[in-house]
Amino acid sequence: MASTTTVLAWGLLEYEDAYTQAGELENVLATIKWPLDWLMKAHVAPDMLYVQVGDGKIEHKYWGR
């Protein structure tokens with residue numbers, strides 16, 4: 001998620017005028033804000049970052065829809 005968000009933010013830096021002209025500036029800002037907010041909430045202490053919540057053994061037993 002951090003990588004994708006970085007690419008989106010870099011694209012905004014490079015092509016802000018194009019996003020503005022297309023009327024998509026607010027959308028790209030919201031698209032970048034959501035994962036950044038999530039990552040900040042997952043970083044609960046200077047030395048603690050939650051990266052997975054759940055039981056992977058149970059959740060990955062079934063790979064269907």
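The radius of gyration is taken here over C-alpha atoms, and the rule for a globule is 2.2 Å times the number of residues to the power 0.38. With that in hand, we can look at the whole chain. This is a predicted model, and its protein chain has a radius of gyration of 17 Å, while a compact globule of 65 residues would have one near 11 Å. Lined up along the principal axes, the C-alpha atoms fill a box of roughly 45 × 35 × 15 Å.

What is the chain built from? There are three helices and zero strands, so to read the pattern along the sequence you just say α-α-α. Of the 65 residues, 11% count as buried. The chain exposes about 5,900 Å², and carbon and sulfur atoms supply 62% of that area.

Let's start with helix α1, which runs over residues 2–21 and holds Thr5. Is Thr5 buried or exposed? Its relative accessibility is 6%, and buried means under 20%, so Thr5 counts as buried. Leaving aside residues up to four places away in sequence, Thr5 touches Ile32, Pro35 and Leu36. Thr5 has a polar partner as well: a polar atom of its side chain lies 2.8 Å from the backbone oxygen of Met1.

Next comes helix α2, residues 25–42, where both Lys33 and Asp37 lie. Side chains of opposite charge can pair when their charged atoms come close. In this structure there is one salt bridge, and the side chains that meet in it belong to Lys33 and Asp37, with 2.4 Å from N to O. The two residues are four apart, about one turn of the helix. Asp37 has a relative accessible area of 23%, which makes it partly exposed, because that class sits between the 20% limit for buried and the 50% limit for exposed.

Glu26 is another resident of helix α2, and with a relative accessible area of 60% it is exposed. How far apart in space are Glu26 and Trp38? Going from C-alpha to C-alpha, the distance is 18 Å, for two residues that are 12 apart in sequence.

Further along, Val53 sits in the loop between α2 and α3, the latter being residues 56–59. Val53 has 73% relative accessibility and counts as exposed. Which residues join Val53 in a nonpolar patch on the surface? They are Val44, Met48 and Tyr50, and together the four have about 410 Å² of accessible area.

Past α3, in the segment that follows, you'll find Trp63. It is exposed, with a relative accessible area of 71%. The side chain of Trp63 reaches the backbone oxygen of His60 at 2.7 Å. Compare its place with that of Asp37: the two are 26 residues apart along the chain, and their C-alpha atoms are separated by 29 Å.

Here are the residues from this tour with their accessibility side by side.

| Residue | Relative accessibility | Class |
|---|---|---|
| Thr5 | 6% | buried |
| Asp37 | 23% | partly exposed |
| Glu26 | 60% | exposed |
| Trp63 | 71% | exposed |
| Val53 | 73% | exposed |

To recap, the chain has three helices and zero strands, and its radius of gyration is 17 Å. Thr5 in helix α1 is buried at 6%, and helix α2 carries the pair Lys33 and Asp37. Val53 belongs to the surface patch of nonpolar residues, and Trp63 lies in the segment after α3.

How values were computed: Residues are numbered from 1 along each chain as its sequence is written. This is a predicted model: local features need pLDDT of at least 70, side-chain atom pairs count only at pLDDT 80 or more; totals for chains, interfaces and linings use all residues. Side-chain values use heavy atoms; hydrogens and water are left out. Buried means under 20% relative accessible area, exposed over 50%, partly exposed in between (1.4 Å probe, protein chains only). A polar contact is a pair of N or O atoms within 3.5 Å; within protein, one must be able to donate a hydrogen and the other to accept it, and residues adjacent in sequence count only if both atoms are side-chain atoms. Contact means heavy atoms within 4.5 Å. Patches are made of residues with over 30% relative accessible area and no salt bridge: like charges are joined within 9 Å, nonpolar side chains (Val, Leu, Ile, Met, Phe, Trp, Tyr) within 5 Å. Accessible areas come from the Shrake-Rupley method with a 1.4 Å probe; for residues, only the protein chains shown count as cover.
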